[in-house]
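Here is a structure to read with care, one term at a time. Each question asks what a word rests on, and each answer sets a value against a definition.

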Amino acid sequence: MKPVGGTDIISTVEFNHTGELLATGDKGGRVVIFQREPESKNAPHSQGEYDVYSTFQSHEPEFDYLKSLEIEEKINKIKWLPQQNAAHSLLSTNDKTIKLWKITERDKRPEGYNLKDEEGKLKDLSTVTSLQVPVLKPMDLMVEVSPRRVFANGHTYHINSISVNSDCETYMSADDLRINLWHLAITDRSFNIVDIKPANMEDLTEVITASEFHPHHCNLFVYSSSKGSLRLCDMRAAALCDKHSKLFEEPEDPSNRSFFSEIISSVSDVKFSHSGRYMLTRDYLTVKVWDLNMEARPIETYQVHDYLRSKLCSLYENDCIFDKFECAWNGSDSVIMTGAYNNFFRMFDRNTKRDVTLEASRESSKPRAVLKPRRVCVGGKRRRDDISVDSLDFTKKILHTAWHPAENIIAIAATNNLYIFQDKVNSEMH
């Protein structure tokens, strides 16, 4: 586990399908890819660390002259494509433009050309008197990143999510009001599959906040809304999926109704479980697990930081109430993770119903340091290591987290530091 410094704020974190690579995107439009080092023979129990593998500039700032609008270079999302050959591929997007990148390795170079010299310039043909067979000589490993496709002009509003389909041929991108389906090989057109834009924008009551394809059924996808609902859509039913197949919504408890109810019920992230049976959602105060077969209410609700309920007024004034926290499943769908303030992150064990608050800090990131559970206390008696709710730092927030697809390794983005924690002792959640 180690923090990686950086001048720019990390805006997305994503493991690839094997967990060997980890990509981060930042506000400056850069993508940094980390690779897991192989286990060393001397210390077989020490799993390989993640080291920088490649860094490249994915997006540049742009200006939309028609709308007099600056388009930030900030990377909103990164999604890896399933690996088909020796190369790796990923999609990265800012507010408007999605790019497909190919990452390849080169550790050999050809030598002994007949018509070119070592610098690659053409030889004088009169000097070529004999033929030689070019040979491949080993060289230092080079990682090359090349842009393969640019998918532009598909969105009027800001892209908030992209998701690669299980058919490995298509992907979708969502903004506030529309979801588009793209073919990975076709850049100049996409198909609009959801459009919730009303004829009169004054009638707008909700926006799309996140969307994701089902992990196994290429015809199913879900999208969440700012009203706290989830809509499961089936692309076999109609070309335009404005009529959802299922609506997942929890009726509001009238006793909890307040000025902030609508804001804090907005879903900031939705993730299918690896099994495809459940969905995980995050709103401002809770994470919820939904069963695809039960629309009426979630089967599990976990309080992330209920102690903030009394602080909603000041969180509204400093805009923190609009923070968009993500959530993640572990590889076996038994534990869920999400971020909080003060560089805290939370884990909930679905089987034992135990939960834990951990902190991503420079102290906890020393090699072989054990993460100590943290507690937030609200008034009354305080234990020695407890932290008071009034002394929480709301500028330190963990919005982006990722869990290795098979092992207990997690990546935590804390502003401009990336923390990688791995459990080398057991497979419990601490």
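Q: Why does Arg106 count as partly exposed?
A: The model is a predicted one, in which local features need pLDDT of at least 70 and side-chain atom pairs count only at pLDDT 80 or more, while totals for chains, interfaces and linings use all residues. Residues are numbered from 1 along each chain as its sequence is written, and side-chain values use heavy atoms, with hydrogens and water left out. Buried means under 20% relative accessible area, exposed means over 50%, and partly exposed is what lies in between (1.4 Å probe, protein chains only). Arg106 has a relative accessibility of 38%, and because this value falls between the two cut-offs, the residue is called partly exposed.

Q: What makes the contact of Arg106 and Glu144 a salt bridge?
A: A salt bridge is a side-chain nitrogen of Lys or Arg within 4 Å of a carboxyl oxygen of Asp or Glu. The N to O distance for Arg106 and Glu144 is 3.5 Å, so the pair satisfies the definition. It links distant parts of the chain, with Arg106 in strand β9 (residues 98–111) and Glu144 in strand β10 (residues 135–151), 38 residues apart. Such strands are DSSP runs (E, at least two residues), numbered from the N terminus. Glu144, with a relative accessible area of 29%, is partly exposed.

Q: How do you know that Asp188 is exposed, and what is Arg189 called?
A: Asp188 has a relative accessibility of 63%, which is over the 50% cut-off, so Asp188 counts as exposed. Arg189, at 48%, counts as partly exposed. The two side chains meet in a salt bridge with an N to O distance of 3.7 Å.

Q: Where do Lys288 and Asp283 lie, buried or exposed?
A: Both Lys288 and Asp283 are buried. They also form a salt bridge, with their closest N and O atoms 3.6 Å apart.

Q: How many salt bridges are there, and which residues are linked in a network of them?
A: The structure holds 23 salt bridges, and Asp8, Asp26 and Arg30 are linked in a network of salt bridges.

Q: What makes strand β16 largely enclosed?
A: Six of the six residues of β16 (residues 220–225) are buried, so the strand is largely enclosed by the rest of the structure. Both of its faces are covered, since Leu220, Val222 and Ser224 on one side and Phe221, Tyr223 and Ser225 on the other are all buried.

Q: How do you know that β16 pairs with β15 and with β17?
A: Two strands pair if DSSP finds at least two bridges between them. Five bridges join β15 (residues 208–213) to β16, and five bridges join β16 to β17 (residues 230–234), so the definition is met on both counts. Both pairings run antiparallel. Ala210 has Ser224 as its bridge partner in β16, and Val222 has Leu232 as its partner in β17. The hairpin of β15 and β16 has six residues between the strands, while that of β16 and β17 has four, and there Gly228 takes a positive phi near 90 degrees.

Q: Why are β11 and β14 called edge strands?
A: Each of β11 (161–164) and β14 (191–195) pairs on one side only, in an open antiparallel sheet with the order β11-β12-β13-β14. Within this sheet, β12 (residues 170–174) and β13 (residues 178–183) pair over five bridges, and the bridge partner of Tyr171 in β13 is Trp182.

Q: Which residues touch the most other members of the largest nonpolar core?
A: A nonpolar core is a set of buried Ala, Val, Leu, Ile, Met, Phe, Trp, Tyr and Cys residues joined through side-chain atoms within 4.5 Å. In the largest one, of 30 residues, Tyr284, Val287, Leu308, Leu315, Ile336 and Leu392 touch the most other members. Apart from it lies another core of 16 residues, including Trp403 and Phe421.

Q: What is the mean pLDDT of the chain?
A: The mean pLDDT, the predictor's confidence in each residue from 0 to 100, is 89, and 92% of residues reach 70 or more. Over residues 1–6, however, the pLDDT is below 50. Where pLDDT is low, the predicted coordinates should not be read in detail.

Methods
Contact = heavy atoms within 4.5 Å.
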